[in-house]
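The following exercises concern residue environments and ring geometry. Please examine the sequence and the structure before reading the solutions.

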Amino acid sequence: MQPSPIVPVAPLARRSLQASVRWQAHEVTLGGSAPVRVQSMTNTDTADAIGTAIQIKELALAGSELVRITVNTPEAAAAVPHIRDQLDRMGISVPLIGDFHYNGHRLLSEHPACAEALSKYRINPGNVGKGDKHDKQFGQMIEAAVRFNKAVRIGVNWGSMDQELMAGMMDENSRRAQPWDAKQVMYEALITSAISSAEMAERMGLPAHQIILSCKVSGVQDLVTVYGELARRCRYPLHLGLTEAGMGTKGTVASSVALGVLLQQGIGDTIRVSLTPQPGEARSQEVVIASEILQSLGLRSFVPSVTACPGCGRTTSTTFQELTKQIDDFLRAQMPVWRARYPGVEKLKVAVMGCIVNGPGESKHADIGISLPGTGEAPAAPVFIDGEKAMTLRGDGIAQEFQKVVENYIEKRFGTPVVTEAA
């Protein structure tokens with residue numbers, strides 16, 4: 001019996017509505033057939049307009065397509081238009097999202113310049129007011145979004161749930177013949193809060209295509225469960241993120257696993273890695289990780305990928321490790337300029353290998369690759385370009401020579417041909 005052909009696994013297609021977030025002529029589409037977008041958030045005091053603008057620029061240059069800022073005080077709200085002006089002067093057109101809790105209705109009403117300068121509002125239904133104030137204050141924020149034609153993310157978080165809704169659902173659950181456990185009630189409360197708030201916003205005049213939902217939790221399995229059900233029940237674009245993911249490898253791994261599972265199922269239209277920065281670590285690290293998640297799944301290409309072996313007893317030194325880091329850092333640093341100069345360069349594949357076992361094979365699979373000498377191997381480093389051996393590098397300057405080879409390849413393959421007029 002002949003085996004059936006093996007079909008490559010690919011992420012499922014998404015089924016959400018298409019939304020857009022605009023700032024002047026710059027538009028970022030979300031949902032529908034648009035790419036999954038990378039979002040990040042500043043950790044500066046928003047009232048410090050210069051410092052906040054500088055961090056937003058760093059995040060945008062790292063690849064963040066949307067940046068969220070805290071708007072929690074009158075001083076922060078007053079600074080938002082100045083932040084926007086600073087970014088425009090620097091040529092940074094990334095849309096800004098205002099993160100509102102507790103007093104957003106008042107800040108948007110009292111600071112119309114802030115409401116206009118933002119491209120999107122994040123509203124947490126659990127923090128817009130209690131009792132009779134809830135619907136009124138929520139409505140004031142939606143009215144601002146309608147007036148200024150802004151998108152809204154209704155972002156529910158299990159750390160700040162609507163306690164009245166939660167209490168009512170717990171009471172209802174206690175009357176069931178077979179009550180759900182507490183976690184199941186929490187799941188239902190998260191989803192109900194998000195969808196019912198979105199439906200209320202629509203009744204107030206906000207178009208469905210300007211609404212994005214999120215239901216953030218801090219457990220991987222909880223996130224997968226909640227978003228699977230949320231996606232089943234609605235067609236609004238969904239923002240994914242594991243809230244309070246943690247620091248270092250813990251936050252990176254947890255976010256990668258949770259978001260990877262959901263994205264593979266076709267769930268998610270924007271993502272954020274809520275990484276706690278390690279001391280001295282750049283805020284843009286969360287953007288790098290989010291981009292790597294999408295690129296690893298084959299959903300997006302942000303920077304050229306560098307394939308490298310982990311090293312073993314066959315490798316004689318750390319030369320290949322140093323060269324890998326040098327090439328990876330070089331390619332990433334050049335991307336802000338190369339995106340415009342070399343269209344398509346983000347799909348480049350580079351291989352830096354440490355010995356002859358897998359070195360030549362991996363190098364042939366890459367667009368350009370080098371196989372460095374390992375233990376007992378001749379002191380030579382063959383370079384492969386487009387699957388063919390192109391040259392062999394020797395001596396102490398292999399790293400510098402290979403970087404130059406990569407630069408020349410990029411210019412030749414991705415550079416714009418010079419068109420000369422016929423005589």
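**Exercise 1.** Locate Pro125 in this predicted model and describe its surroundings.

*Solution.* Begin with the position in the chain: Pro125 lies in the loop between β6 and α5 (132–148). Next, consider accessibility. The relative accessible area of Pro125 is 1%, and buried means under 20%, so Pro125 is buried. Then list the contacts, leaving aside residues up to four places away in sequence: Pro125 touches His134, Ile154, Gly155, Val156, Asp162, Ser193 and Ser197. Finally, take Ser193: the C-alpha atoms of Pro125 and Ser193 are 7.0 Å apart, while 68 residues separate the two in sequence.

**Exercise 2.** Determine how many aromatic pairs the whole structure holds, and classify the pair of Phe100 and Tyr121.

*Solution.* A search of the whole structure yields three aromatic pairs. For Phe100 and Tyr121, the ring centres are 6.0 Å apart and the planes stand at 90°; planes over 60 degrees apart count as edge-to-face, so this pair is edge-to-face. As to location, Phe100 belongs to strand β5 (residues 96–100) and Tyr121 to strand β6 (residues 120–123), so that the pair links distant parts of the chain, 21 residues apart. Both Phe100 and Tyr121 are buried.

**Exercise 3.** Classify the ring pair of Phe330 and Trp338, and state whether each residue is buried or exposed.

*Solution.* The ring centres of Phe330 and Trp338 are 5.6 Å apart with planes at 85°, so the pair is edge-to-face. Phe330 is buried, at a relative accessible area of 14%. Trp338 is also buried, at 5%. Ring pairs join Phe330, Trp338 and Tyr342 into a cluster.

How values were computed. Residues numbered from 1 in each chain as written. Predicted model: local features only at pLDDT ≥ 70, side-chain atom pairs only at ≥ 80, totals over all residues. Heavy atoms only, no water. Phe/Tyr/Trp six-rings, centres within 6.5 Å; stacked < 30°, edge-to-face > 60°. Helix = DSSP H or I, 4+ residues; strand = E, 2+ residues; numbered from the N terminus. Buried < 20%, exposed > 50% of the residue type's maximum accessible area, 1.4 Å probe, protein only. Contact = heavy atoms within 4.5 Å.
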